[in-house]
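Okay, thanks for coming, everyone. I'd like to take you through one model today, so let me put it on the screen.

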Amino acid sequence: RQPLPRSDVAEAVLLRRQPLTRMGRKPAGDGEARRPRPGPADGEARHIELLRSCRFLAALPHKRLRQLAAKLHAAAFGDRAQIIAQGDAATGMFFIERGRCAVTFAGGKGGRELGDGSCFGELALLAADARTADVHAVGDVACLRLDRAEVAPILQNCWGSDRELQRKEQMLSAVPIFEQVS
């Protein structure tokens, strides 16, 4: 029995459908091993989980997360590419699918590194203020982007009632920059 290539093992474990044998060989006792084809629902579920992993959006109802997931756009960046620049207009937020990004705040303070499943630029969904940090790719990075103009109607409808306003406050308190403000 030959071991699977590392990428096939990760895919088999993530999809949880592929028997852990060499792709294309028949596993003992089962039918023919086939690589499952992810359908639109698989991508949507993955995107919803990515949105839910952002503390800022986690309190949203599932219906709103589905609407947001439909508005995600793929964006790829090469090593050391500047993804957002401090002072630029904030037009959207990013979710890191694969890779790492370095975040630096004003004057080089508070630098940190973000990886798979992290998000940044979330304040852009609330206001068109200037960016508060620089974000650069560390190696190749695959992101998903949410544009404020596209999601504003979804979020606005979500925050209409008193209950929804309380959710908005909860979501704002989860934004790291607001945790530091007293």
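I'll talk about the salt bridges, then one loop residue, then the nonpolar cores.

Quick housekeeping: this is a predicted model, where local features need pLDDT of at least 70, side-chain atom pairs count only at pLDDT 80 or more, and totals for chains, interfaces and linings use all residues. Residues are numbered from 1 along each chain as its sequence is written, and side-chain values use heavy atoms, with hydrogens and water left out.

So, how many salt bridges does the structure hold? Six, where a salt bridge is a side-chain nitrogen of Lys or Arg within 4 Å of a carboxyl oxygen of Asp or Glu. One of them pairs Glu97 with Arg46, and the closest N and O atoms there are 2.4 Å apart. Glu97 sits in strand S3 (residues 92–105) and Arg46 in helix H2 (residues 40–52), so this pair ties together parts that are 51 residues apart in sequence. Helices here are DSSP runs of H or I, at least four residues, and strands are runs of E, at least two, numbered from the N terminus. Glu97 is partly exposed at 22% relative accessible area, and Arg46 is partly exposed too, at 47%. For the cut-offs, buried is under 20%, exposed is over 50%, and partly exposed is in between, with a 1.4 Å probe and protein chains only.

Another pair is Glu49 with Arg52, at 3.9 Å between the closest N and O atoms. Both are in helix H2, three residues apart, or about one turn of the helix.

Now the loop. Arg80 lies between strand S1 (73–77) and strand S2 (82–84). Its phi is near 70 degrees, a positive value in a non-glycine residue. Most residues other than glycine have a negative phi. Arg80 also forms a salt bridge with Asp79, the closest N and O atoms being 3.6 Å apart. Arg80 is exposed at 67%, while Asp79 is partly exposed at 44%.

Last, the inside. The largest nonpolar core (buried Ala, Val, Leu, Ile, Met, Phe, Trp, Tyr and Cys joined through side-chain atoms within 4.5 Å) has 22 residues, and those touching the most other members include Leu51, Leu57 and Phe95. The elements giving two or more residues to this core are H2, helix H3 (62–69), S3, strand S6 (133–147) and helix H4 (148–158). Apart from it there's another core of 15 residues, among them Phe94 and Val141.
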